[in-house]
Amino acid sequence: MENIPSYVEWTFVSMVVSVLIFMFYALRAAYPARKNLSLLIAILISWIFLVSIQATFGFFEDFSFPPRLMIYVGIPVISTVILLLTPRTRKFLNEMPITTLHYIHIIRVPVEMVLWWLSVFRVLPKELTFEGSNLDIISGISAPFAAVFLVGKQSENRIGALLWNLLALGLLLNIVFSAISFTPYFYEASQNVPANTGLFYFPYILLPTFIVPVVLFSHLVALNQLIFKKNQSQF
């Protein structure tokens, strides 16, 4: 990955930090106890550190089965499902500010820029960018409008918020499955279309293992609140 300019790397690192700050704010609002909050943030930072260290030493560059990257993507996704299915933790998740859970999707705009840069340097197929079949940038552009006009305190629209989350979730799943199909596990690179290898290296490995799971987490928690939470005073 020596041919990737440093500005791409630093842009991505700043995105990871931004997502972590968003999560800190959302968790602090839901769980103000300093000790518990510190533990939750420490878990997130430890996960980022673990994945980063393993990527630095080439752990994810082994494309044999079982796919190591898929396992590390599955861990936070399964953890999210467990949290939502457990009554005690679901109650905690319902206290997370829903506006923050929508604003966090703004990060999907710079994510698309990084993906485009990686495609320019041929470590990612163009099909995974906004020049191809990836329309996920629409979710990022529309996120602040959804936060203000669909779940904002002065303008609540539960049906509109549900539809936005479902559509944005659909766009997320579309690019996730497309990205998987272009990995070396399932796709052999050609002269015209390179394989999706850029996301197996540090720091970009944190896109499928941290940023995407957080985005998915935000959608699922918001949908849970919109569907099941009776008191919507947190909007």
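Analyst: A pocket is an open set of points on a 1 Å grid over the protein atoms alone, where a 1.4 Å probe fits, with protein on both sides within 12 Å along at least five of seven lines. Its lining residues have an atom within 4 Å of a point. Volume is the space filled by probe spheres set on the points. This model is predicted: local features need pLDDT of at least 70, side-chain atom pairs 80 or more, while totals for chains, interfaces and linings use all residues. Numbering starts from 1 along each chain, and side-chain values use heavy atoms, without hydrogens or water.

User: How much space lies in the second largest pocket?

Analyst: Rolling a water-sized probe over the atoms shows where space is left empty. Here it is about 520 Å³. Its lining has 28 residues, with Ile-175, Val-176, Ala-179, Pro-208 and Val-212 nearest the centre. Helices (DSSP runs of H or I, at least four residues) α3, α6 (108-120), α8 (158-181) and α9 each supply at least two.

User: And what space lies in the largest pocket?

Analyst: About 700 Å³. Leu-40, Ile-43, Leu-44, Leu-83 and Phe-217 are the closest to its centre, among 23 lining residues. α2 (34-56) gives the most, 6 residues.

User: Which residues have the most contacts inside the largest nonpolar core?

Analyst: In soluble globular proteins, nonpolar side chains tend to be buried together. A core joins buried (under 20% relative accessible area, 1.4 Å probe) Ala, Val, Leu, Ile, Met, Phe, Trp, Tyr and Cys through side-chain atoms within 4.5 Å. This one has 68 residues, led in contacts (heavy atoms within 4.5 Å) by Phe-12, Met-96, Leu-118, Phe-210 and Ile-211. α9 (206-228) gives the most to this core, 12 residues. Leaving out residues up to four places away in sequence, Ile-211 touches Phe-12, Met-15, Val-16, Val-19, Ile-107, Val-111 and Leu-206.

Methods. Buried < 20%, exposed > 50% of the residue type's maximum accessible area, 1.4 Å probe, protein only.
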